[in-house]
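Q: I have a model open in my viewer and would like to learn how to read it, feature by feature. Could you walk me through it?

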Amino acid sequence: MAIDWSSSETTKRYKAAEDTTGPFGRFVIEQCGLNRADGTEDLVILDSACGTGIVTHHLYDVVPPIARPRLQVTCGDFSAAMIESMQARIDQNGWTNATAKILDAQVSLQTSKCHGLVLTLEQKLDLPDGQFT
């Protein structure tokens, strides 16, 4: 059965799975050393295939408060429903230095030179071309 990426039901299922997927995202963020950021450098992050935003949620939890003013996060996904959910999370948490936008993961990974770090927890790269924007 194909996943309907435009469905709000799909985002609800992804959100419900965050207790399972989230710890892996947190682990990756800590392994990158972002928990030791001291605010002396810009942190420009692309959360590729962001889904409902569990990686970005952990990013804001892990990055020390002193470093958050220099944190810039782009949350990208090819699914408009996921981006709508991600934007709601951004708004709910008041993350003024985060943006959510529809991105083609394959293209954004190739052209992400403007990002210092690309985080991807779970990304399916074999979606049909018609699934990308």
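A: Happy to! Let's start with one residue: Leu103 sits in the loop between β3 (98-102) and α5 (105-110). Keep in mind throughout that this is a predicted model.

Q: Is Leu103 buried, exposed or partly exposed?

A: The general idea is to look at relative accessible area, where buried means under 20% and exposed means over 50%, with partly exposed in between. Leu103 has a relative accessible area of 22%, so this residue is partly exposed.

Q: How far apart in sequence and in space are Leu103 and Cys50?

A: The two are separated by 53 residues in sequence, while their C-alpha atoms lie 10.0 Å apart in space.

Q: What about another loop residue, Arg68: where is it?

A: Arg68 is found in the loop between α3 and β2 (71-77). With a relative accessibility of 27%, Arg68 is also counted as partly exposed. Leaving out residues up to four places away in sequence, Arg68 touches Tyr60, Asp61, Val63 and Asn97. From Arg68 to Leu43 the C-alpha distance is 8.4 Å, with their positions 25 residues apart in sequence.

Q: Now the whole chain. How many helices and strands does the protein have, and in which pattern?

A: There are five helices and four strands. Along the sequence they follow the pattern α-α-β-α-β-α-β-α-β.

Q: What share of the contacts joins residues 24 or more positions apart?

A: Here one takes the contacts with a separation of 6 or more and asks what part links residues 24 or more positions apart; in this protein the share is 79%.

Q: And what share of the residues is buried?

A: Of the protein's 133 residues, 42% count as buried. Turning to the surface, the protein exposes about 7600 Å², and carbon and sulfur atoms supply 53% of that area.

Q: Which residues of helix α3 are buried?

A: Helix α3 (residues 54-62) is mostly covered, with seven of its nine residues buried. The buried ones are Ile54, Val55, Thr56, His58, Leu59, Tyr60 and Val62.

Q: How do α2 and α3 pack?

A: For a helix pair, read the axis distance and the angle, then the handedness, then the residues in contact. The axes of helix α2 (residues 18-31) and α3 are 9 Å apart, and the helices pack at an angle of about 50°. The two are therefore oblique to each other. Their crossing is right-handed. On the α2 side, the contact involves Glu18, Thr21, Gly22, Pro23, Gly25, Arg26, Ile29 and Glu30; these meet Ile54, Val55, His58, Leu59, Asp61 and Val62 of α3. By type, the residues of this contact are six nonpolar, four polar and four charged.

Q: Let me try the same steps on another pair. At what angle do α1 and α4 cross?

A: Helix α1 (residues 8-16) and helix α4 (residues 80-93) cross at roughly 55°, and their axes come within 9 Å. That angle makes α1 oblique to α4. This crossing is right-handed.

Q: Which residues make the contact of α1 with α4?

A: From α1 come Thr10, Thr11, Tyr14 and Lys15, and from α4 come Ala81, Met82, Ser85 and Arg89. Sorted by type, the contact of α1 with α4 holds three nonpolar, three polar and two charged residues.

Terms used. Residues numbered from 1 in each chain as written. Predicted model: local features only at pLDDT ≥ 70, side-chain atom pairs only at ≥ 80, totals over all residues. Heavy atoms only, no water. Axes fitted to C-alpha atoms, helices over the stretch in contact; angles between N-to-C directions. Parallel < 35°, antiparallel > 145°, perpendicular 65-115°, else oblique. Left-handed = near helix turned anticlockwise from the far one by under 90°. Contact = heavy atoms within 4.5 Å. Nonpolar A, V, L, I, M, F, W, Y, C, P; charged D, E, K, R; others polar. Buried < 20%, exposed > 50% of the residue type's maximum accessible area, 1.4 Å probe, protein only. Areas by Shrake-Rupley, 256 points an atom, 1.4 Å probe, with all protein chains shown as cover.
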